[in-house]
Amino acid sequence: METVDINHSHFQVLYLNLPPEKQQHNTLMYKLIIRPILFWFDPEEVHYFTFSFVKFISKIPGVSSIIRSIYEVKDTRLEREVFGIKFKNPVGLAAGFDKDAKLYKELSDFGFGFIEIGTVTPVGQDGNPKKRLFRLKADQAIINRMGFNNGGVIEAVERLKKNTGVLIGGNIGKNKVTPNENAVDDYIICFDALFDHVDYFVVNVSSPNTPNLRALQDKEPLTALLQTLQDRNVEKQKTSTQKIKPILLKIAPDLTDEQLLDIIDIVKTTQIAGVIATNTTISREGLQSESQTEMGGLSGKPLTKRSTEVIRFLSEKSNKAFPIIGVGGIHSAEDAIEKLNAGASLVQLYTGFIYEGPTLIKAINKKVLEQL
Ligand SMILES: Cc1cc2nc3c(=O)[nH]c(=O)nc-3n(C[C@H](O)[C@H](O)[C@H](O)COP(=O)(O)O)c2cc1C
């Protein structure tokens, strides 16, 4: 153990002694060497491979802290207090990347302020048949129709019991076989199971890959669903050592202005904590890649503008009545600042993390500090 620790500090000193421009070589190394190798393989296979690789190297004593020393920006000025929770920085990992809460600790070493796990469902399910994940390189985008593949909420809870200090969002959904009229039961099962193990909840009714799920975004069923969960929230804290948990609603970028106004009303009526804008889109506007014809949700660059528009609309029309987590097509520090300026209190990444690499997190945090 001791020798490894010496090696670790040795590496760390070597790295930290490099001038900033050399540290920026990290980004180039990712884009010129690592990304082309990763992109050479099937996207879903490479996702699992990268998971196992990061898990493996993080087990080597000292590696976690080296990764942290490379990517983390530690500065109290990055801290944000949003819906009663203190975030160490405003950059989070969006849902879908660590669906089963298998890698949240290792991922947080890359400098994320929070990790959203899920979408989890009550019972584990395979999701849609493969192939179901497509890179649209020319568009810096991804189309996915994963369909909530996950091991079920109980497995995720077991892993989250080992959490020591990573701020976790729990993104919850319904099983494919559960009809919409019984959807609320699925959300309650996930909510109850995760209550003591997550810092905030996200109600996902906006994935395009579970048949009819998005119909739950209509005013009536959505109000009923959120009100039931919010009542449960108040009830649960009476029997738990924990306080009431912030519940957020994750919405699609394809909602009309009228539907967005409904969302504002629903947040007010149900008193939930806020909104995550946005999930993937079903729009295919302005794409060049051949794979654009694939069914599923589109994420990445083509979504940047629309998701920022949704954030701005919600923020302005509600008079900043509730916090918004901004997500969708953040591929640069400037994209993140734009979302924060449009009214987001925090941001999340998925596709940009894949295309730009982990230095994007650091670049955003540094840019946030520059703006002060
Ligand atoms: C492969 C993939 C799987 C995803 N799975 C989920 C999911 O399970 N639940 C969810 O709420 N969002 C999911 N998302 C949506 C992302 O969390 C995010 O809202 C969306 O991709 C837009 O952000 P981005 O452009 O930074 O990727 C997924 C996205 C991708 C690309």
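Which strands each supply at least two residues of the shell around the ligand? They are β4 (114-120), β6 (141-144) and β11 (297-300). The model described here is predicted.

## The ligand and its shell

There are 24 residues around the ligand, and among them Ala95, Thr119, Lys250, Gly329 and Thr351 come nearest. Sorted by class, the shell has eight nonpolar, 14 polar and two charged residues.

Backbone atoms also take part in the surroundings of the ligand. A backbone N or O atom of Gly329 lies 2.7 Å from an oxygen atom of the ligand. For Thr278, a backbone N or O atom is found 3.0 Å from a ligand oxygen atom, and for Tyr350 the corresponding distance is 3.1 Å. The protein covers 97% of the 610 Å² of accessible area that the ligand has on its own.

## Strands

Two of the strands that contribute to the shell, β6 and β11, run antiparallel and are joined by four bridges. Within this pairing, Ile142 stands opposite Ser299 in β11. In a regular strand the side chains alternate between the two faces of the sheet. In β11, Gly297 and Ser299 point one way, while Leu298 and Gly300 point the other way. These four residues of β11 are all buried.

Strand β13 (residues 346-349) can be described in the same manner. Leu346 and Gln348 point one way from β13, Val347 and Leu349 point the other way, and all are buried. Which strands pair with β13 in the parallel sense? Strand β3 (residues 91-93) does so over three bridges, and strand β12 (residues 324-327) also does so over three bridges. Val347 in β13 has a partner in each of these strands: Val91 stands opposite Val347, and Gly326 stands opposite Val347 as well.

## Salt bridges

Side chains of opposite charge can pair when their charged atoms come close. The structure holds 21 salt bridges. Three of them are listed here, with the distance between the closest N and O atoms.

| Acidic residue | Basic residue | N to O distance |
|---|---|---|
| Asp109 | Arg68 | 3.1 Å |
| Asp262 | Lys219 | 3.7 Å |
| Glu370 | Lys367 | 3.7 Å |

Asp109 and Arg68 form a salt bridge. This pair links distant parts of the chain, 41 residues apart: Asp109 is in the loop between α6 (104-108) and β4, and Arg68 is in helix α5 (residues 63-71). Is Asp109 buried or exposed? Asp109 has a relative accessibility of 2%, so Asp109 counts as buried. Arg68 has a relative accessible area of 29% and is partly exposed. Arg68 and Asp109 also belong to a network of salt bridges that includes Lys105.

Lys219 and Asp262 meet through their side chains in a salt bridge. Lys219 lies in helix α9 (residues 219-239) and Asp262 in helix α10 (residues 257-270), so this salt bridge ties together parts that are 43 residues apart in sequence. Lys219, at 36% relative accessibility, counts as partly exposed. Asp262 counts as partly exposed too, at 25% relative accessibility.

The salt bridge between Glu370 and Lys367 lies within one helix. Both residues are in helix α14 (residues 359-370), three residues apart, which is about one turn of the helix. Glu370 has a relative accessible area of 57%, and because exposed means over 50%, Glu370 is exposed.

## Two further helix residues

Glu356 lies in helix α13 (residues 351-356). At 12% relative accessibility, Glu356 is under the 20% limit and therefore counts as buried. The side chain of Glu356 is joined to that of Lys31 by a polar contact of 2.7 Å.

Val153 is found in helix α7 (residues 153-160). With a relative accessibility of 0%, Val153 counts as buried. How far apart are Val153 and Lys99 in sequence and in space? They are 54 residues apart in sequence, and their C-alpha atoms are 9.9 Å apart in space.

Conventions. Residues are numbered from 1 along each chain as its sequence is written. This is a predicted model: local features need pLDDT of at least 70, side-chain atom pairs count only at pLDDT 80 or more; totals for chains, interfaces and linings use all residues. Side-chain values use heavy atoms; hydrogens and water are left out. A residue is near a molecule or strand if one of its heavy atoms lies within 4 Å of it. A polar contact is a pair of N or O atoms within 3.5 Å; within protein, one must be able to donate a hydrogen and the other to accept it, and residues adjacent in sequence count only if both atoms are side-chain atoms. Accessible areas come from the Shrake-Rupley method with a 1.4 Å probe; for residues, only the protein chains shown count as cover. Ala, Val, Leu, Ile, Met, Phe, Trp, Tyr, Cys and Pro count as nonpolar, Asp, Glu, Lys and Arg as charged, and the others, Gly among them, as polar. A salt bridge is a side-chain nitrogen of Lys or Arg within 4 Å of a carboxyl oxygen of Asp or Glu. Buried means under 20% relative accessible area, exposed over 50%, partly exposed in between (1.4 Å probe, protein chains only). Two strands pair if DSSP finds at least two bridges between them.
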